[in-house]
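Trainee: Please choose a single part of this model and take me through it closely, with the cut-offs behind each term. I would like one connected account rather than a list.

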Amino acid sequence: MSGDVLIRLARPDEFEAIDTLIRAAYTHDYGEKGHATDAMQFASTRAQNYDVWVAEDTTGTLVGSVTTRRIGVPPLHEDVREDELDLRLLGVAPEARRRGIAAALMQHVINNARGLGWHGVFLKTGPGMTGAHGLYEHLGFIRVPERDGLWIGGRKVLDLFTYVYPLVDAAGSERLAS
């Protein structure tokens with residue numbers, strides 16, 4: 001339990017609700033983008049190879065979600081390093097904002113990555129997602145502009161910012177928990 005939410009793996013019967021939650025979260029902030037043709041936009045597709053985490057409040061309502069890579073599966077981003085856990089589609093239901101749910105989900109990801117032996121947590125975010133940037137920086141993520149962009153087939157197809165939370169320092173020593 002993190003604050004007033006339980007963070008756990010999603011169940012298959014929740015995938016449609018997760019899709020609705022993520023769509024609402026992103027539409028609330030950035031408008032309709034029409035990404036329905038990207039299979040990775042669907043929790044059922046992501047859950048085949050990745051961990052889809054949910055935040056459930058004390059009433060049993062799903063209020064947030066994030067997807068992370070599992071050990072031994074392809075990364076979610078082409079330019080992630082082999083020793084980094086990457087994530088996608090962090091979202092909080094618009095009606096559940098300002099309760100620390102995104103921070104709780106991200107702290108769960110960091111703690112889980114540390115426990116699994118990853119050396120860092122890697123994410124991409126849109127340049128206009130300033131609220132998310134503030135959260136990541138507050139949690140200790142470091143902006144890595146030299147790794148910016150969404151790369152597909154070795155070609156940059158979208159401008160995105162890159163953030164990394166190092167779990168191990170340059171000397172290979174584990175970073176203390178935040």
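Mentor: What follows is a close look at helix H4 and the parts of the chain around it.

This is a predicted model, in which local features need pLDDT of at least 70, side-chain atom pairs count only at pLDDT 80 or more, and totals for chains, interfaces and linings use all residues. Residues are numbered from 1 along each chain as its sequence is written, and side-chain values use heavy atoms, with hydrogens and water left out.

First, the setting. The chain has four helices and nine strands, where helices (H or I, at least four residues) and strands (E, at least two) are DSSP runs numbered from the N terminus. Read from the N terminus, their order is β-α-α-β-β-β-α-β-α-β-β-β-β. Of the 178 residues in the chain, 46% are buried; buried means under 20% relative accessible area, exposed means over 50%, and partly exposed lies in between, with a 1.4 Å probe and protein chains only. A contact requires heavy atoms within 4.5 Å. Among contacts between residues at least 6 apart in sequence, 63% join residues at least 24 apart.

Helix H4 covers residues 130-139, and its partner here is helix H3, residues 101-116. Two packed helices are described by the angle between their axes and the distance between the axes. The axes of H3 and H4 come within 11 Å and cross at roughly 50 degrees. These axes are lines fitted to C-alpha atoms, for helices over the stretch in contact, and the angles run from 0 to 180 degrees between N-to-C directions. H3 and H4 are therefore oblique to each other: angles under 35 degrees count as roughly parallel, over 145 as roughly antiparallel, 65 to 115 as roughly perpendicular, and the rest as oblique. The crossing of H3 past H4 is right-handed, the near helix being turned clockwise from the far one by less than a right angle; an anticlockwise turn would be left-handed. On the H3 side, Ala 102, Ala 103, Met 106 and Gln 107 make the contact, and on the H4 side Leu 135, Tyr 136 and Leu 139 do.

Leu 135 of H4 can be followed further. Leaving out residues up to four places away in sequence, Leu 135 touches Leu 90, Ala 102, Ala 103 and Met 106. Its C-alpha is separated by 9.2 Å from that of Met 106, 29 residues apart along the chain. Leu 135 counts as buried because its relative accessible area is 18%. Ala 132, also in H4, is buried at 19% relative accessibility. From C-alpha to C-alpha, Ala 132 and Leu 90 are 9.4 Å apart, with their positions 42 residues apart in sequence.

Strand S4 spans residues 84-92, and Leu 89 is found in S4. Most residues other than glycine have a negative phi. Leu 89 has a positive phi, near 55 degrees, and is buried at 11% relative accessible area. Arg 98, in the loop between S4 and H3, also has a positive phi, near 70 degrees. Arg 98 is exposed, with a relative accessible area of 86%.

Back in H4, Tyr 136 brings in the aromatic residues. The structure holds three aromatic pairs. Rings of Phe, Tyr and Trp (its six-membered ring) pair if their centres lie within 6.5 Å; planes under 30 degrees apart count as stacked, over 60 as edge-to-face, and the rest as tilted. Tyr 136 and Tyr 163 form a tilted pair, 5.7 Å centre to centre with 55 degrees between the planes. This pair links distant parts of the chain: Tyr 136 in H4 and Tyr 163 in strand S9 (residues 161-166) are 27 residues apart. Tyr 136 is buried at 6% relative accessible area, and Tyr 163 is buried at 1%. Ring pairs also join these two tyrosines with Phe 141 and Tyr 165 into a cluster.

One further ring belongs to Phe 161: Arg 143 lies over its face, 3.8 Å from the ring centre. A charge sits over a ring if NZ of Lys or CZ of Arg is within 6 Å of the ring centre and within 35 degrees of the ring normal.
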